[in-house]
Amino acid sequence: MQLTLWTYEGPPHIGAMRVATAMRGLHYVLHAPQGDTYADLLFTMIERRDARPPVTYTTFRAEDLGRDTAELFKQACAEAYARFRPQAMIVGASCTAELIQDDPGGLARALGLPVPVIPLELPAYQKKENWGASETFYRLVRALAPAPVAPAPGTSQGARDPRLCNILGPTALGFRHRDDLVEVRRLLARLGVGVNVVAPLGASPADLARLPEAAFNLVLYPETGRAAAQYLETAHGQPFVEIPPIGVGATRRFVEAVAERAGVAAGPVLDDPGSRLPWYARSVDSTYLTGKRVFVFGDATHAVALARLAAREIGFRVVGLGTYERGFAREVRAEAALHGIEALVADDYLEVEAAIQAASPDLVLGTQMERHVAKRLGLPCAVISAPAHVQDYPARHAPLMGFEGANVLFDTLVHPLMMGLEEHLLGLFREDREFHAEAAPSHLGASTVPPSMQDEARAPSPDRERVGVRVENAQDEAATDPLHRRDLSVEFSSLTPALSRTGEGAGRGPGDRPAATTAIWAPDAERELKKIPFFVRSRARTNTETFARERSIPLITLETLYDAKAHFGR
Amino acid sequence: MNAPVPAETCGIDLVRERGQRAVFCGLTGIVWLHRKIQDAFFLVVGSRTCAHLIQSAAGVMIFAEPRFATAILDERDLAGIADAEAELDAAVERLVARRPDIRLLFLVGSCPSEVIKLDLTRAAFRLSRRLAPVRVLTYSGSGIETTFTEGEDACLAALVPDLPEADEGDGALLVAGALGDVVEDQFARLFADLGIPVRFLPGRRAEAMPAIRPGMPYLLAQPFLAGTARALDGRGLHHLPAPFPLGAEGTTGWLRAASEAFGVAPERFAAATEAGRRRAATALVPHRAALAGRRIFFFPDSQLEVPLARFLAREMGAEIVEVGTPYLHRGHLAEEIACLPVGTRVVEGQSLDDQMDRARAARPDLSVCGLGLANPLEAEGLATKWSIELLFTPVQGYEQAGDLAELFARPLRRRALLEV
């Protein structure tokens with residue numbers, strides 16, 4: 001039994017819905033109680049889809065349990081077929097229906113529908129959303145593109161155009177999948193490589209049956225596409241390339257790998273006149289980015305790619321790297337080792353929060369959970385991975401993949417930070433009215449943390465959090481978040497207990513309070529500490545206290561502060 | 001399947017429908033209840049789906065330190081119920097140790113906990129004794145038993161057996177149903193002006209739950225409180241039939257029901273309500289221009305549909321195409337049903353695809369529906385109002401009558417503004 005408030009992933013049937021909703025001509029009949037229909041809003045509100053997901057829920061109730069839920073399932077299945085006339089159907093159970101063991105696959109087979117019906121076994125008490133998406137896609141591919149009965153590798157391989165590939169992995173509700181696809185197609189077009197099928201996004205069951213016609217596969221998102229690619233390799237002899245082209249370096253490696261597979265020249269495509277990241281990173285104004293401490297957390301694909309890009313293409317220092325996907329822990333651990341750190345593999349956001357706090361980064365790259373954690377800690381943040389909120393499905397073209405994706409990421413990673421000159425001025429003139437101790441980046445409008453709140457350092461109430469919200473996010477989040485707009489939530493909330501989940505009492509303050517203060521600060525040292533910009537103050541305080549503790553210095557004076565500064569350097 | 005139901009329907013065209021539903025389960029109520037009762041904590045005993053539902057319905061916005069959480073059942077819990085009980089006890093003890101501010105803990109049952117027959121009543125009893133003075137209660141918010149607002153009903157009903165006994169001769173009125181604090185305060189002032197002592201269920205804190213006694217009259221502030229009413233009846237209270245305080249007319253009818261029960265003189269009633277009625281009338285005028293003659297279609301959601309349709313038809317001059325409601329409590333809604341225009345089509349239950357077909361065919365000016373359906377209907381050119389906002393916004397009483405109308409008028413106004 002796991003106690004949790006927020007989850008990074010939904011249950012596995014949500015993953016199946018991401019595949020079904022991505023496709024055309026496929027219908028999903030889900031044996032589930034009525035509450036499970038909330039899942040529609042993930043697609044219609046967060047991703048702003050213009051149609052209901054192609055899902056029929058049986059919505060059985062307590063009174064049905066005494067009667068015949070199996071009959072209810074068969075009826076829902078038959079009616080869904082009659083109404084939607086899909087080319088194929090998938091059937092399965094959500095967590096509750098799994099317990100009543102009605103066997104949706106068997107029941108659907110008994111109906112004798114004239115289309116392929118693919119049963120899904122998605123164990124809701126063991127597995128999660130991304131696994132569910134991967135498994136569903138794999139089952140679909142396996143059922144619709146079966147291995148040839150008499151394998152004739154020579155003939156079928158020979159008939160394939162080596163310059164024809166499939167793109168595997170993009171789903172509905174995927175993080176920037178729509179725009180990534182545009183960039184990947186652009187790269188392939190420049191290479192002269194054709195795209196046979198993109199799946200699941202936009203594919204029909206008939207398209208899946210055509211998958212074996214391509215010479216090889218590109219796996220853009222291993223979380224959802226790898227299992228199907230491995231099957232296609234075994235059953236149809238299609239090799240696959242699994243290099244998510246996120247960042248300039250990864251894009252070049254991707255281009256080289258694809259070119260080699262397809263037997264075309266990579267050279268002209270290894271660069272792009274529109275690729276600006278390399279020059280922007282070399283531009284002298286970017287010098288101030290050197291060694292900025294960044295904490296990266298997300299799905300494995302994005303976490304690994306962003307860590308590489310941050311370190312090698314922008315010159316940040318990766319001080320934290322992790323994922324919520326245990327199934328991909330190996331890749332993330334390997335990447336973390338390259339940065340000289342240990343990967344955090346956890347799906348408990350409290351653990352992630354504690355790790356961020358301990359690392360005291362200058363920038364957090366994460367999911368919407370980390371956005372909230374960062375907001376709480378007063379740290380700049382950018383969302384780079386699902387789960388994400390409505391503002392992470394922007395109207396504009398905002399890919400992460402390809403050269404344009406790298407451009408987008410340069411902006412994404414740099415924008416939340418204080419600009420170079422501003423940072424210098426803050427350091428020089430601590431008592432300026434505008435550059436006061438709590439000043440936030442001026443180009444971001446409202447202060448991240450209003451000065452009056454700085455020293456309260458108590459558990460935030462929602463109202464406080466609303467005040468602390470970056471302006472850019474507040475608007476958008478309010479748009480789909482009914483609660484955010486709910487006047488009641490404000491009026492009801494006069495008392496949020498002043499206790500942190502970690503039991504430390506304080507530490508919720510925006511970057512100022514240490515977890516446990518034992519050292520005593522002399523007043524002049526305390527005043528001096530306030531002159532340090534707030535985004536590094538917490539680290540300065542912790543370092544100084546560690547320094548004092550290690551040397552058994554009972555009172556932290558101005559001298560101690562500067563001795564510690566010299567000791568730790570920056 | 002869809003047999004017309006005649007009789008007792010007071011001139012409405014009532015149809016029952018069965019089929020696929022598109023509604024939240026009762027767990028959703030936690031989203032507002034945990035704010036209303038300031039020292040209560042709601043622990044859902046359920047699956048990852050339950051946690052994902054609350055997170056999606058609530059957004060990840062109340063990220064501060066919400067007073068709710070999910071104990072996610074895993075395989076091991078399913079394998080042995082005894083272990084599940086031990087695990088639950090341990091989880092609750094951890095929680096209470098970490099949050100000493102909690103005075104009242106609800107163990108909230110879910111679909112999986114009900115199907116595996118995890119006995120939360122016994123767990124609540126056991127934990128109550130162990131964790132005193134923290135009280136532990138339980139109710140079901142499961143989707144196989146409750147629809148959306150019925151979660152609040154189940155929660156309030158769970159509070160009733162524990163409510164303290166009022167003194168002999170206590171002459172107060174009980175108002176049942178969670179209201180926004182601002183609304184509750186307005187009503188408290190109105191009842192004071194009427195000379196009626198009043199208490200509200202739920203109280204804002206565990207120690208501030210209202211005292212009740214046999215013979216005490218009660219008003220329902222929300223139309224979805226069937227179970228709470230049964231529990232109150234069980235303790236000898238008596239229900240005052242009334243319309244619901246939505247719109248000026250509903251508010252007046254609601255207050256009048258109490259006034260008559262308490263023998264308030266008509267002059268005093270008129271004097272106490274005069275200012276509110278006048279302000280509501282003023283506030284409603286501009287919205288009537290926007291809503292009069294507009295055709296409105298309700299998808300079933302919160303059980304507020306019938307009173308809202310009554311308000312829109314009678315005070316705003318709107319035309320009601322269909323009133324879908326998950327459940328029609330004929331007793332509690334008798335006054336409301338009587339006020340609906342004759343022949344209004346009321347559909348109890350749901351068959352989603354059939355209902356969407358009817359909405360497409362009717363092309364209403366405004367469809368009131370859940371979040372999952374809103375964008376698909378908008379994409380088909382139908383203006384929508386998300387119904388969940390009606391639960392999350394103070395809409396009851398005179399001072400909010402204009403705000404209530406505005407919620408319906410805004411989507412229409414917005415469409416008129418957009419040129420592309």
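**View 1. Polar contacts and salt bridges between chain B and chain A in the predicted model.** Between chain B and chain A, 24 residue pairs are in polar contact, counting pairs with both residues at pLDDT 80 or more. Helix 2 of chain B gives the most to the side of chain B that touches chain A, contributing nine residues, and the residues of that side divide into 47 nonpolar, 17 polar and 24 charged. Five salt bridges are counted between the two chains; one of the pairs in such a bridge is A:Glu63 with B:Arg18, whose closest N and O atoms are 3.5 Å apart. The contact as a whole takes 88 residues from chain B and 83 residues from chain A, and about 7,600 Å² is buried between the chains, 61% of it on carbon and sulfur atoms.

**View 2. Three cysteines of chain B annotated as a binding site.** According to the unreviewed UniProt entry, the annotation "binding site" covers B:Cys25, B:Cys50 and B:Cys111. These residues span 87 residues in sequence, yet no two of their C-alpha atoms are more than 9.4 Å apart, so they gather at one spot. B:Cys50 is found in helix 2 (residues 48-58) of chain B and counts as buried because its relative accessibility is 7%, under the 20% cut-off; beyond its neighbours up to four places away in sequence, B:Cys50 touches B:Leu27, B:Val44, B:Thr70, B:Ser110 and B:Pro112. B:Cys111 lies in helix 5 (residues 111-115) of chain B and is likewise buried, at 7% relative accessibility. Leaving aside neighbours within four places in sequence, the contacts of B:Cys111 include A:Pro33 and A:Thr96 from chain A, together with B:Ser142, B:Gly143 and B:Ile144.

**View 3. A salt bridge between helix 8 and helix 1 of chain B.** The side chains of B:Glu184 and B:Lys36 meet in a salt bridge with an N to O distance of 2.5 Å. Because B:Glu184 lies in helix 8 (residues 181-194) and B:Lys36 in helix 1 (residues 30-36), the pair ties together parts that are 148 residues apart in sequence. B:Glu184 is buried, with a relative accessible area of 8%, and B:Lys36 is buried too, at 0%.

**View 4. A salt bridge within helix 7 of chain A.** A:Glu135 and A:Arg139 both lie in helix 7 (residues 129-144), four residues apart, about one turn of the helix, and their side chains meet in a salt bridge at 2.8 Å, N to O. Whereas A:Glu135 is buried, with a relative accessible area of 13%, A:Arg139 is partly exposed, at 31%.

How values were computed: Residues numbered from 1 in each chain as written. Chains lettered and ligands numbered in written order. Predicted model: local features only at pLDDT ≥ 70, side-chain atom pairs only at ≥ 80, totals over all residues. Heavy atoms only, no water. UniProt positions renumbered as here; feature names shortened; annotations may be inferred. Helix = DSSP H or I, 4+ residues; strand = E, 2+ residues; numbered from the N terminus. Buried < 20%, exposed > 50% of the residue type's maximum accessible area, 1.4 Å probe, protein only. Contact = heavy atoms within 4.5 Å. Buried area = accessible area lost by both parts, 1.4 Å probe. Salt bridge = Lys/Arg side-chain N within 4 Å of Asp/Glu carboxyl O. Polar contact = N/O pair within 3.5 Å; in protein donor to acceptor, adjacent residues only side chain to side chain. Nonpolar A, V, L, I, M, F, W, Y, C, P; charged D, E, K, R; others polar.
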